[in-house]
Amino acid sequence: MSTTTPQRTAKPTAPPVTSIRVYNTLSRTKEPLATVKPGQVGIYLCGPTVYDKAHMGHMVGPVIFDTIKRYLTYSGYKVTWVVNITDVDDKLIRKSGERGISMAALAEEMTQDYLSNLAGMGVDQIDRMPKATECMGDIIKFVEALIARGFAYESAGDVYFDVAKDSGYGKLTNRTLDALQGEGGDTAARKRSPHDFALWKRTKPGEPSWDSPWGAGRPGWHIECSAMSKSILGETFDIHGGGLDLIFPHHENEIAQSECCHGKPMAKYWMHNGLLKRSAEAGKIGGRSERDAAPTQPNGVMAEAGGYDPNAADDKESRSKGAGGLAELLAQQGGERIRFFLLRTHYRSTVLFSDEAIAEAATGLDSFYRLFKRIERITGRSFYDLPTADRTSGCLEKANHPTLKQVQEARERFLAAMDDDFNTGGAIGELFELARAINKLIDDEKLEDGQASDPARHATLLQAACTLRELSATLGLFLQPVVRAAGADDKHVAGVMQLILELRAAARAKKDFATADKIRAALGTAGVALTDRAGETEWDASAAPAGGPLAELMKLVVELRAAARAAKDFATADQIRAGLTTAGITLADRAGETEWTI
RNA sequence: GGCGCCGUAGGCAAGUGGCUAAGCCAGCUGAUUGCAAAUCAGCCACCCCCGGUUCGAGUCCGGGCGGCGCCUCCA
């Protein structure tokens, strides 16, 4: 850093916070965040071209920028976040033609898919989502201005940006025009330089088009971002983001257009997120190799000298591919898992994405959910109802308790990590530290001894929990209880029913008809009817309430096990635990009660 | 060829030159539990290699080796 920071000498965290640093692709260094307007941040993130269903890779940018907005807001900034939707493009035209629907219909369908996936990931901080087709006026005006200033020219109904006129061209990616290799594509004949790029494309027969001073046509890929960011955020705004793969040519060309048009910087900070891959050797998800891959054999004929089994690797890949779309993955895993998984790694890193990796993250995530239940058992308060605090106030009073001192220190490290280019990986490490401190507090002070009614004993716990909530909320985590998709319980029900019927059969064999009848009665309450037939018992749960019979069944099972334990019949108690484990349900014995979890 | 990024334990992953190199998963030991789960405590890293700068380098510089991205549509 070349700048000194005298502003840090006064209040450490007077809003807005000034200690935040951001990695800027333009300078290739981390820079202190100094916004165009004091206390305000304008962010423009390049959104998707909606020609196909979203994949995981499309979620990385939205998740990190959703987090960035939350954190900046928490730190005292007023943030405006824009994500564009590109709904006119060659691929949209081709794809809608293949499906025999209009481009607008295809775009609408895929936009809805994108939006629902964003919602599933907890991305809800976006302020504006402009569509290219709704900003045609701004786009045409922008192109006209570039022509008027001599940076663009018309050619046979197309309009091109004249890169030779832009002395700054290549500054984002540190390359010169000479270093570029492109041939100019199939429109090269109409361009002055092969590196000139289209601002406006004349229409071809049957294509959607808009009227313009150059005849009917549609915008080039880059111009919409220049036009829409200008009209919403201004000629110079704070942060422009996107995937690493957009740096060139997309963002380089945006800079060329906007800065030649306005004679001033387009964005102060260019932030680029890393890309997802399936394995260290594979290309990025949704990348060329995946898009071009034949259905059968994606690999070339690279000789395998080592002892690897290439078929095994292929199996793995095709299995992940065949696992279904993003919407299915989200439904199956839950958005919070994926979000947590993505946030564990720094946003600029490449992330290796696999079912195994998500499962591993989920194991860690579950320990937080268990902690929340523990807190609720003790204090009677849901973690999700605890207040969130802003950065200046926090929720800690004077740290007069060793645990609160630890919490305080972890909070400071969390903030330092996030201030340092939004290091969510380091920040999550501190969340685990907080969880451990809270669990230890509960253990050490025996808060879980059944005397949960004394609020005075909960003060320290609640302050610590509140801090955990305050910090995790800035990551968009643990905002609300995770709801399980209905229907997933069916196989658990089957497993539990098998166990219950075994128990009842055993009771009947011992002539313990009191227990057998109790089981039948309890099942009746749960909406499960039994029919005894020769050698086996049938069951029918069609009368069960909306949520399914599982909760009632488990109440019964827990009761049966308690009775067995009271009678020192540990064989039966253990049989019950084992049966439930087989059914995918685990039991936890606590003072006075037994809790079950899937 | 040009422009960039990366290489930290069995796996993943933080680490802004300086006390014992975060954290997660897996594994091992102990406390606790009728058993189990959970929780807590403890164990588990010569930071890819070789030079250099420095009192001191995982961290800075140079050179290797290895991996990846972009230079064509891409989040």
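Student: At what angle do helix 13 and helix 14 pack, and how far apart are their axes?

Tutor: Two packed helices are described by the angle between their axes and the distance between the axes. In this predicted model, helix 13 (residues 424-444) and helix 14 (residues 459-474) pack at about 165°, with axes 10 Å apart, and they are therefore roughly antiparallel, a word kept for angles over 145 degrees. Axes are lines fitted to C-alpha atoms, for helices over the stretch in contact, with angles running from 0 to 180 degrees between N-to-C directions, while helices are DSSP runs (H or I, at least four residues) numbered from the N terminus.

Student: Which residues make the contact of helix 13 with helix 14?

Tutor: With contact meaning heavy atoms within 4.5 Å, helix 13 contributes Leu431, Leu434, Ile438, Leu441 and Ile442, and helix 14 contributes residues including Thr460, Leu461 and Ala464.

Student: Which helix gives the largest share of the surface near RNA strand B?

Tutor: A residue is near a strand if one of its heavy atoms lies within 4 Å of it; here helix 13 gives the largest share, nine residues. Of the 62 residues around RNA strand B, Lys91, Asn174, Trp221, Leu246 and Arg288 come nearest.

Student: What does a polar side-chain atom of aspartate 574 lie 2.6 Å from?

Tutor: That partner is a base nitrogen of RNA strand B, whereas for asparagine 423 a polar side-chain atom lies 2.6 Å from a sugar or linking oxygen of that strand.

Tutor: Residues are numbered from 1 along each chain as its sequence is written, and chains are lettered from A in the order in which they are written. Local features need pLDDT of at least 70, side-chain atom pairs count only at pLDDT 80 or more, and totals for chains, interfaces and linings use all residues, while side-chain values use heavy atoms, leaving out hydrogens and water.

Key. Helix = DSSP H or I, 4+ residues; strand = E, 2+ residues; numbered from the N terminus. Parallel < 35°, antiparallel > 145°, perpendicular 65-115°, else oblique. Polar contact = N/O pair within 3.5 Å; in protein donor to acceptor, adjacent residues only side chain to side chain.
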